[in-house]
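User: Hey, I'm new to this one. Can you walk me through it?

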Amino acid sequence: AAPLTGFGAGKVILLGEHSVVYGYPALAGALSRGVTASAVKARKPQLALADPFNRAQRALLTKAFLRAADLCGNPSVKVSLESELPLSMGLGSSAAVSVACARVLLKAAGKKESAREVAQVALAMEQEFHGTPSGVDHTTSAMQELILYKRLPDQSSGKARGVKSPRPLQVLVALAGERSPTKKTVGALRERQARWPERYRRLFREVGVVATEGAKAVEAGELEALGDAMNVNQGLLAALGLSSPPLEEMVYRLRALGALGAKLTGAGGDGGAVIGLFLEPEPAAAKLLQQGVRCFTSQLAGPRAL
Ligand code: PMV
């Protein structure tokens with residue numbers, strides 16, 4: 001029989017990373033690229049890992065997988081993974097792995113695999129990877145659309161609504177500098193905000209307002225307004241201490257190439273992913289690739305170009 005498969009999409013955060021951890025809204029979109037998990041019959045639940053994972057990564061992935069399998073009633077399958085996402089680029093590869101595994105395990109167990117069930121099982125895996133994630137990554141991956149996400153006050157999970165775009169939303173994602181571990185940037189920010197809570201709360205609140213305005217701009221088809229929200233969000237991320245020279249330099253490069261807005265996306269820190277909103281991202285991507293920048297383009301929402 002053909003193996004069962006489950007897909008988990010990669011994600012980018014358009015607006016609101018980090019403040020989302022503190023309960024403020026974030027706008028995030030699913031990439032067309034992601035991770036596919038395939039399952040074949042076996043004696044007990046098992047994760048088959050090929051390269052490029054090292055020993056520590058294998059141990060962590062296996063632990064997370066077995067926790068998810070347990071939540072699904074331990075279906076007797078061996079699961080293997082295939083990824084189209086550049087690893088540890090801040091594009092939600094861990095969430096995509098979690099969602100792909102959750103989907104295929106639920107299928108193998110003959111259970112319902114609605115976005116809600118998938119997100120619940122994927123969250124258990126994400127907790128193994130990240131400790132206390134806001135949930136925006138795996139929720140975006142499970143819903144596979146543009147969403148406005150907010151963590152619930154009890155922090156157990158979040159609520160999300162789909163954001164429809166009447167226009168195609170096209171982005172360029174580029175890598176700059178050395179990526180910082182998400183745990184590190186989230187932890188350092190937690191210390192600063194614990195020391196100076198009022199100042200940081202004001203900034204988080206403002207990021208949340210900008211994210212909500214950005215979602216409205218998307219729905220109205222006002223891409224320039226969305227781009228402006230992204231630029232303002234970048235300024236606020238810098239104020240929060242999450243930017244750095246390599247990220248800033250890439251942000252300005254994307255703006256010079258015609259981005260309507262550009263900002264870091266995901267964890268930030270010493271380096272990582274930068275996102276630019278473009279009417280036509282291809283010429284900019286071609287130029288950057290020629291200059292040796294790792295980058296790719298994706299449509300996040302709206303009617304697909306023919
Ligand atoms: O490291 P990434 O790209 O998956 O981004 C994490 C997003 C944060 O808001 C920084 C953390 C979180 O849990 O939401």
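User: Which residues touch the most other members of the largest nonpolar core?
Analyst: In this predicted model, they are Ala68, Cys101, Leu105, Ala122, Ala174 and Val274, out of 98 residues in that core.

User: And which helix gives the largest share of this core?
Analyst: That's helix 2, residues 93-108, with eleven residues.

User: Which domains does this core draw on?
Analyst: Domain 1 (4-162) and domain 2 (169-301) each supply at least three residues.

User: Back to Cys101, what does it touch?
Analyst: Leaving out residues up to four places away in sequence, Cys101 touches Ala37, Phe65, Ala68, Val79 and Met125. Ala68 is another of the residues with the most core contacts.

User: OK, switching to strands. Is strand 8 buried or exposed?
Analyst: Buried: five of the five residues in strand 8 (261-265) are, so the rest of the structure largely encloses this strand.

User: How does strand 8 run against strand 9?
Analyst: They're antiparallel, and five bridges join strand 8 to strand 9, which covers residues 272-278. For one pairing, Thr265 has Ala273 in strand 9 as its bridge partner.

User: What's in the hairpin between those strands?
Analyst: Six residues sit between strand 8 and strand 9, and Gly266 takes a positive phi near 90° in that hairpin.

User: Last thing, what are the confidence scores?
Analyst: The mean pLDDT of the protein is 93, with 97% of its residues at 70 or more. The model also scores ipTM 0.96 and pTM 0.92.

User: And where pLDDT is low, how should I read the coordinates?
Analyst: Not in detail.

Technical notes. Residues are numbered from 1 along each chain as its sequence is written. This is a predicted model: local features need pLDDT of at least 70, side-chain atom pairs count only at pLDDT 80 or more; totals for chains, interfaces and linings use all residues. pLDDT is the predictor's confidence in each residue, from 0 to 100. A nonpolar core is a set of buried Ala, Val, Leu, Ile, Met, Phe, Trp, Tyr and Cys residues joined through C-beta atoms within 7 Å. A residue is buried if 20 or more other C-beta atoms lie within 10 Å of its own, exposed if 12 or fewer, and partly exposed in between; C-beta atoms are placed from the backbone. Helices (H or I, at least four residues) and strands (E, at least two) are DSSP runs, numbered from the N terminus. Domain bounds come from an automatic or database domain assignment. Two residues are in contact if their C-beta atoms, placed from the backbone, lie within 7 Å. Two strands pair if DSSP finds at least two bridges between them.
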